[in-house]
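Welcome to a short set of exercises on reading a protein fold and its aromatic contacts. Have a look at the chain below, then work through the tasks at your own pace.

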Amino acid sequence: MKFPKRELSSGGGAGGADKYLTFKDGESKSVVLRGEVFEYHVKWENNKSTIVDSSDPQAKVRYRVNAVIYEDKRFQEKIWEVSQTVCNQLADINTEYPLDKTKIKITRQGTGTDTVYHVLPLVGETKLTPQVLAQIEKVDLNILNTAPKEKSSASGWEGID
């Protein structure tokens with residue numbers, strides 16, 4: 001799985017529909033990341049983000065990744081939108097633990113633009129069994145460069161170009 005580090009720039013914020021992985025301040029969730037990472041650019045105006053071309057002088061880079069979470073007694077796909085800082089945390093973790101086979105714990109601290117996400121690989125006693133991994137791999141993934149209602153059958157990380 002490729003997960004290269006990216007140069008840092010400012011920016012932040014995330015969507016909120018039910019297909020998105022969202023957190024309240026202090027909340028933690030455990031997920032397995034799957035599929036490709038999608039890079040895009042946003043511009044912030046009036047506390048709202050709009051997707052823009054990378055050539056926009058106000059553009060801030062963001063990333064989307066599919067996160068499989070166990071909710072309502074089944075595995076479900078969610079879109080997790082992350083900053084370059086979080087993308088780099090994931091890149092560091094991926095060097096030791098393959099993110100498509102490792103459950104990670106994500107914790108949000110803060111609100112608004114003063115938010116930090118901490119990512120911790122859950123290994124040891126929480127290691128995923130082959131049976132659980134097989135179930136996770138069957139989950140249809142969201143196509144990240146379009147609306148979240150579209151699905152992709154891609155599995156595994158194809159990486160970031």
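**Exercise 1. The surface.** About how much area does the chain expose, and what share of it do carbon and sulfur atoms supply?

*Solution.* Keep in mind that this is a predicted model. Step one: the exposed area of the chain is about 9300 Å². Step two: carbon and sulfur atoms supply 46% of that area. Step three, turning to the interior: 43% of the 161 residues of the chain count as buried.

**Exercise 2. The fold.** Work out how many helices and strands the chain has, and in what order the elements run.

*Solution.* Start with the count: there are two helices and eight strands. Next, read from the N terminus on, which gives the order β-β-β-β-α-β-β-α-β-β. Finally, consider the contacts between residues at least 6 apart in sequence: 64% of them join residues at least 24 apart.

**Exercise 3. Aromatic pairs.** Find the aromatic pairs that involve Y117 and F23 or W80, and classify their geometry.

*Solution.* The chain has four aromatic pairs. Take F23 and Y117 to begin with: their ring centres are 5.6 Å apart and their planes meet at 70 degrees. An angle over 60 degrees counts as edge-to-face, and that is the class of this pair. In sequence, the two partners are 94 residues apart, with F23 in the segment before β1 (28-45) and Y117 in strand β6 (residues 114-122).

Now move on to W80 and Y117. This pair is edge-to-face too, at 6.4 Å centre to centre and 75 degrees between the planes. W80 belongs to strand β4 (residues 74-82) and Y117 to strand β6, so the pair ties together parts that are 37 residues apart in sequence. Put the pieces together, and F23, W80 and Y117 form one aromatic cluster.

**Exercise 4. Buried or exposed?** Decide which label suits W80, Y117 and F23.

*Solution.* The cut-off you need is that buried means under 20% relative accessible area. W80 has a relative accessible area of 1%, so W80 is buried. Y117 has 18%, so Y117 is buried as well. F23 is also buried.

**Exercise 5. Charges over rings.** Which residue lies over the face of F23, and which over the face of Y40?

*Solution.* For F23, a member of the aromatic cluster, look for K29, which lies over the ring face at 5.2 Å from the ring centre. For Y40, the residue is R64, at 4.5 Å from the ring centre.

Definitions and conventions:
Residues numbered from 1 in each chain as written. Predicted model: local features only at pLDDT ≥ 70, side-chain atom pairs only at ≥ 80, totals over all residues. Heavy atoms only, no water. Phe/Tyr/Trp six-rings, centres within 6.5 Å; stacked < 30°, edge-to-face > 60°. Helix = DSSP H or I, 4+ residues; strand = E, 2+ residues; numbered from the N terminus. Buried < 20%, exposed > 50% of the residue type's maximum accessible area, 1.4 Å probe, protein only. Lys NZ or Arg CZ within 6 Å of the ring centre and 35° of its normal. Contact = heavy atoms within 4.5 Å. Areas by Shrake-Rupley, 256 points an atom, 1.4 Å probe, with all protein chains shown as cover.
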